[in-house]
Structure formats: structure tokens, C-alpha cells
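Here's a quick tour of one model, with a stop at an annotated repeat, a few helix pairs and a pocket. Have the structure open as you read.

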Amino acid sequence: MTHRDQKIYRFSEAPIWELQRTYYEEQGIGAWQSEDVPQYITSNPSIAVAYAEIVFGFLQDRARLGYTLEPVTILELGAGSGRLAYHIVKELCELRDYSGIVLPPFRYVMSDLAFKNIAFWQQHRSLLPFVEQGVLDFAQFDAVQGTELHLTQSGDRIRMGDLQQPLLVIANYFFDSIPQELIYVDENKIYECMVSLHFPEGDAESSAADMLKNVTPEYHYRRADEYEQESYPYREVVGLYSQKLEDSHILFPAVGLQCLERLGLLSQEGFLLLTADKGDHRIENWEYNEPPKLIHHGSFSLTANYHAIGYVFEQKGAMSLFTSHPYNHLNIGCMLMVSNPHSYGLTRLAYRRFVERFGPDDFFSIKEWFDSHLDLMEINQLLAFWRLGGYDAQLFLQSAKRLSNLIPTCDEEELSDIRQGILLMWDGYYPMELNRDLALDCAMLLYQMDMFKDALLFFERTNNEYRNDASVLYEMAICYYEVGEDAAARDFARNTLELAPEHEGALALMTLFPSL
């Protein structure tokens with residue numbers, strides 16, 4: 001194909017965005033189970049606690065302003081694996097119950113484009129209790145053109161103006177993954193940055209993931225004075241770019257802005273946005289920006305333009321909160337598009353405490369250190385970081401071997417602390433069919449600590465792969481023996497010997513049951 005034959009697209013209309021949709025629709029929850037699409041940084045307990053605290057502050061503000069009867073709808077866009085939603089709803093319910101404060105009722109709505117994801121949520125054992133309580137529902141929503149929400153569990157349909165309370169929108173890794181415009185600014189002029197796409201020969205038969213991985217974009221420029229015309233809705237912010245920036249490629253979130261505007265119409269009282277992404281809210285960070293590179297992870301993502309989103313809504317009266325210090329991994333913002341945002345003091349204080357002072361981005365920076373220094377950490381350091389991370393299962397899976405090595409040096413108090421952590425972790429565990437059996441790791445640590453009754457509870461929760469492991473069967477036999485269930489102990493000792501006839505421990509244990 002010659003250069004003249006290449007098809008050139010407006011960036012937001014290039015086939016990469018349709019491939020993106022196809023990828024998520026084909027993969028469903030598998031995109032996260034395979035870990036092709038990153039999820040931990042935006043869905044761990046640390047960020048969920050920060051969000052739940054901000055939402056809790058918002059609910060208190062609404063109650064303080066006298067709005068306690070109508071429910072608050074919390075909509076998560078692109079809820080993906082569902083892990084973030086689970087942690088937020090769990091924490092929010094605990095805050096509500098623990099505080100005893102009179103609050104307006106709330107309903108959390110998980111939404112996504114791919115119906116496969118909704119089907120996964122509908123049968124997930126961790127989510128079902130919240131569905132039954134009426135605090136969780138699901139909806140399929142297309143960010144490009146969706147105008148209403150049809151809730152799958154309650155059957156409710158939310159249309160323009162239906163909500164009496166402000167809509168609360170959560171959007172993590174969202175604005176970087178939906179269509180964006182690409183403009184180029186130089187010498188106070190705006191250019192449309194178009195794109196042509198090059199795929200290796202024979203790639204037409206490949207999967208969407210492979211096509212996205214192998215595509216090479218080539219950029220083309222044309223003068224675009226339509227951005228400067230009165231009829232263009234975001235003329236002011238683009239005009240600002242033409243005045244302030246030079247030689248700069250700017251990803252412009254027209255689709256994201258339109259999505260927020262459409263969602264805002266669902267409520268008579270505006271909306272609050274909580275969002276986290278790789279994205280800049282400072283205009284100076286867009287200066288001398290090079291053409292974007294597609295960041296591949298099964299799908300692809302770009303950089304979110306938080307400056308444009310904040311600027312557009314601030315002109316309409318919104319208040320935007322971002323950290324005063326630079327972010328390292330994740331920029332977390334809170335935008336109050338409501339009447340008199342200064343009156344939402346508890347919301348703003350929660351952002352100050354749980355994001356500005358020390359937030360999820362800071363936690364992830366420490367976790368990077370943790371990942372590389374785990375084998376040097378002592379038990380009190382490990383347990384402190386595990387608490388800081390909300391007794392997260394991923395931290396435990398990383399730490400299980402180190403914990404096992406440290407247990408012989410632990411005193412009774414430290415052993416009790418490990419046990420409590422395991423129980424709290426399991427209570428907040430959101431299973432996603434990980435390759436590793438979390439229950440088995442818990443059981444083996446509890447066995448090592450001589451906590452046989454607790455160990456049995458977790459052995460019984462395992463996926464039964466231990467049936468082919470003589471050492472695990474023997475540990476179960478010992479547990480049953482220690483809790484006085486001799487018949488079960490004998491059976492598991494026999495099972496051990498079927499796999500390992502010379503197993504000395506199992507042979508010795510069998511001598512203790514002459515009458516059985």
C-alpha cells in the first residue's frame with residue numbers, strides 16, 4: 001500500500017477504538033483474570049478505602065444540608081473485574097453501620113460495556129449479599145452514546161432528571177481507554193492530528209489483542225480552525241492551549257466530557273466525580289508533548305487529560321481537587337459539579353486526609369519498595385504493611401513464604417496477629433479464580449502455628465487440589481487428630497499412605513488408632 005493509498009482517520013474515529021471494544025467484549029472477565037489488563041493499582045483496598053471515605057463524607061454533607069430521604073446513586077464506569085466495587089461497598093457499609101450517623105440511603109451501580117462482565121458479577125458470591133440488601137445493582141453502559149441506566153437486578157430505569165440527589169461517578173482507568181481527539185498546537189494555531197494505521201501482513205485474521213499489540217500509528221496534520229469557532233463547545237480550553245502551549249500534542253477528551261455531561265443530566269442536582277488514571281491536570285505538563293504511544297496490556301490505553309476535564313466543568317461552577325504534589329503512578333481527582341461546592345466540607349476533608357496527605361498513589365510507591373525488599377522484612381514490618389494495605393489478599397500471597405520463614409521466631413502475640421490478619425483478609429477476599437489457592441496458603445500457615453482448628457476451616461475451603469499432595473493430606477490428618485476427630489484423622493492418614501506408602505508420620509499416626 002502506498003502512502004497515497006493509506007486511509008487516514010480522525011484520531012477518535014480510528015479502528016483502534018473498535019478493536020478496543022471488541023477486545024473487552026470478547027475477553028469479558030478473562031481480561032483481568034489473565035492479568036493482561038492491570039487492575040491492582042486501581043482496585044486494591046487502599047484506593048477503595050479512600051473512595052469510601054470520600055463517599056461517606058459526601059453522604060454526611062448531603063444529610064447536613066437536609067437531604068436524607070432520597071437515595072444517592074453511585075455509578076462506577078468500566079467496573080471491569082468488580083474488585084474495586086466490592087471493596088468500596090463493603091467499606092462504605094461498615095462505615096455507615098459503625099458510625100450510626102443518619103445518612104441518605106445509597107445504591108452502588110456497577111456498569112460496563114461488556115455484558116459478559118455483568119454476567120460474571122451477577123453470580124459472584126462476594127457481590128450477591130449486597131445485591132440482596134439492595135445496595136448493589138448492575139447496568140450495561142456505553143460511554144460513547146449511553147443516555148440512561150437500565151438496572152439489571154431491580155429493573156429500574158434511570159432517565160434524564162430522575163435522580164433527586166447528585167449522581168456520584170467513579171471512573172478509574174476510564175478516560176484513558178475511551179476515544180479521544182488528538183490536536184497539535186504550534187505558533188498559536190490548532191491542528192487536527194490525524195492517524196493512519198499499519199498492521200503486519202496477515203494480521204487481518206488475528207485477534208483484537210494481537211492487532212492492537214502489532215499496530216503502528218503514523219500521524220498526519222491539517223489546520224483545524226473549527227476548534228476555534230464559536231460553535232465548538234470546548235472552544236475556550238482549546239483556545240487556552242493555543243495561547244499557552246507550543247509544539248504540543250494534546251489528547252483531548254471530547255467523548256469523556258460528553259459522557260459526563262450526559263450523566264449529569266440524569267440528576268437535578270449535578271454530580272461528583274472520583275477518578276484515577278495516568279493523567280495530567282496541570283497545563284504545563286502538556287507542553288512539548290510528543291505524539292502519543294499506545295500503551296499495550298491486552299487492550300491499550302493513553303494519557304487522560306484531566307486538565308481539560310477540570311477546566312471545562314470549572315467554567316460551569318465545579319470545584320476540582322487534585323494533589324498539590326506530583327503523582328508517581330496514579331493521579332486521583334475529585335470534582336464537585338454541584339451547587340455551592342464549598343458547602344461540601346466533609347467531602348473535601350476526606351479527600352485531604354485520604355488522598356492529599358497520604359493516598360493510594362503513595363501506597364503504591366511504598367508497595368514497589370515492598371516488592372523488592374520483601375525477603376528482608378521482619379515480622380512487625382510485614383504485619384504493619386499488611387494492615388496499611390487493608391489485609392489485601394495479593395499482599396498475603398506475596399508474603400506467605402516470608403511469613404512461613406519468620407513464624408519460628410514469632411512470639412504468641414505476633415502469631416495471634418498473623419491469625420487475625422488471615423481471618424480479616426478472608427472476610428474481605430474477592431476471588432477471581434487465581435492460579436494459586438489462597439485458602440490452602442492460609443491453612444498451611446495456621447498449621448505451622450499449631451492453630452489446628454483454624455487450619456481445618458481453611459483446608460475445607462480449598463479447591464481440593466491437595467488430594468494429590470501427600471504432605472497436605474498428612475497435615476490435615478494431624479489437624480483432625482489434634483481436635484479430637486480420630487476417624488477423620490485415620491482416613492486422611494490412609495489417604496496419605498496411598499500416595500506415599502513410606503510416609504513415616506502417617507505410619508506413626510496410624511498406630512494410634514488400633515480400635516478404629
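## The annotated repeat

UniProt, in an unreviewed entry, lists residues 470–503 as "repeat: TPR". Keep in mind that we're looking at a predicted model here. In that model, residues 470–503 come out as 79% helix and 0% strand. The C-alpha atoms at the two ends of this stretch sit 8 Å apart.

Two helices to pick out here are α19, covering residues 470–482, and α20, covering residues 486–499. Their axes come within 8 Å and cross at roughly 165 degrees. Angles over 145 degrees count as roughly antiparallel, so that's the label α19 and α20 get relative to each other. As for handedness, α19 passes α20 in a left-handed crossing.

## Two oblique helix pairs

Further back along the chain, what angle do the axes of α4 and α5 make where they cross? It's roughly 45 degrees, with the axes coming within 8 Å. For reference, α4 is residues 45–64 and α5 is residues 83–99. The two helices are therefore oblique to each other, and α4 passes α5 in a right-handed crossing.

Then there's α10 (residues 254–264) with α11 (residues 306–314). Here the axes come within 10 Å and cross at roughly 40 degrees. That angle makes α10 and α11 oblique to each other, because the roughly parallel label is kept for angles under 35 degrees. The crossing of α10 and α11 is right-handed.

## The largest pocket

Now for some empty space. The largest pocket has a volume of about 730 Å³. Its lining takes in 39 residues, and the closest to the pocket centre are Tyr24, Gly78, Tyr173, Phe174 and Ser177.

Which elements give two or more residues to that lining? They are the helices α1 (15–27) and α3 (40–43), plus the strands β2 (72–77), β3 (106–112) and β14 (295–297). Helix α1 gives the most, with 5 residues.

Chemically, the lining of the largest pocket is a mix: 18 residues are nonpolar, 13 are polar and 8 are charged. Among the residues closest to the centre, Tyr24, Tyr173 and Phe174 belong to types counted as nonpolar, while Gly78 and Ser177 belong to types counted as polar.

Notes: Residues numbered from 1 in each chain as written. Predicted model: local features only at pLDDT ≥ 70, side-chain atom pairs only at ≥ 80, totals over all residues. Heavy atoms only, no water. 1 Å grid on protein atoms, 1.4 Å probe; cavity = no way out; pocket = protein on both sides within 12 Å on 5 of 7 lines; lining within 4 Å. Points joined across faces, edges and corners; volume = space filled by probe spheres on them. Helix = DSSP H or I, 4+ residues; strand = E, 2+ residues; numbered from the N terminus. UniProt positions renumbered as here; feature names shortened; annotations may be inferred. Axes fitted to C-alpha atoms, helices over the stretch in contact; angles between N-to-C directions. Parallel < 35°, antiparallel > 145°, perpendicular 65-115°, else oblique. Left-handed = near helix turned anticlockwise from the far one by under 90°.
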